[in-house]
Amino acid sequence: MPKNENEMSNTYAINTKDPLGNTITCTTARWNEHILTDSGHTIMGGNEKAVEDTLSNPDSIYQSSQSKSRTVYFKEGARDSTYNDALVTKVITERTGNKTRKVVSAWPQKSVKGGIADVIYDKEK
């Protein structure tokens, strides 16, 4: 357990790779402060594994229609989610370097939509 705020900002709630070879992280501080509190996505509490599953094994990845540096990941029935399996987990990431990204936000929704442009990756079914 982190001893102070600075140490907490250097620990990761999520640290994984996507199918395109990007390393994607989300600090514990960002998860607790931005995703759960500031964004009001309290439903995501305890759903770090669902977000990690969405990033490492997505059904699809889209270019964001709102920012060239952002991509949007979707997965139906993400592993270990505490919400309904019929919902789609949506995770927005932002490029931080060559082959590195950070989680910007995440939440469940009914379908694949919202803020997306061209498909970058589509899992073969």
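Guide: Welcome! Here, contact means heavy atoms within 4.5 Å. Keep in mind that this model is predicted.

Visitor: Which residues does Trp31 touch, not counting residues up to four places away in sequence?
Guide: Let's leave out residues up to four places away in sequence, as you say. Trp31 is among the residues that touch the most other members of the largest nonpolar core. Its contacts are Ala13, Ile14, Cys26, Leu36, Met44, Asn47, Glu48 and Val51.

Visitor: Which elements give two or more residues to the largest nonpolar core?
Guide: This core has 17 residues, including Met44, Leu55 and Val103. Two helices and two strands each give two or more of its residues. They are β2 (23–27), α2 (28–38), α3 (48–56) and β6 (100–109).

Visitor: Why is one side of β1 and of β7 left without a neighbour in the sheet?
Guide: Start with the order of the open sheet, β1-β2-β6-β5-β4-β3-β7. β1 (12–17) and β7 (116–122) each have a single partner strand, so one side of each has no neighbour there. The reason is their place in the sheet: both stand at the edges.

Visitor: Which residue in β6 is the bridge partner of Ile24?
Guide: Look at where β2 and β6 pair, in the parallel sense and over three bridges. Ile24 has its bridge partner in β6, and that partner is Arg101.

Visitor: At about what angle does α3 run to β1?
Guide: Compare the helices one by one. α2 lies across β1, β2 and β6, and runs at about 65° to β2. α3 lies across β1, β2, β4 (70–76), β5 (88–97) and β6. Its angle to β1 is about 20°.

Notes
Residues are numbered from 1 along each chain as its sequence is written. This is a predicted model: local features need pLDDT of at least 70, side-chain atom pairs count only at pLDDT 80 or more; totals for chains, interfaces and linings use all residues. Side-chain values use heavy atoms; hydrogens and water are left out. A nonpolar core is a set of buried Ala, Val, Leu, Ile, Met, Phe, Trp, Tyr and Cys residues joined through side-chain atoms within 4.5 Å. Buried means under 20% relative accessible area, exposed over 50%, partly exposed in between (1.4 Å probe, protein chains only). Helices (H or I, at least four residues) and strands (E, at least two) are DSSP runs, numbered from the N terminus. Two strands pair if DSSP finds at least two bridges between them. Axes are lines fitted to C-alpha atoms, for helices over the stretch in contact, and angles run from 0 to 180 degrees between N-to-C directions.
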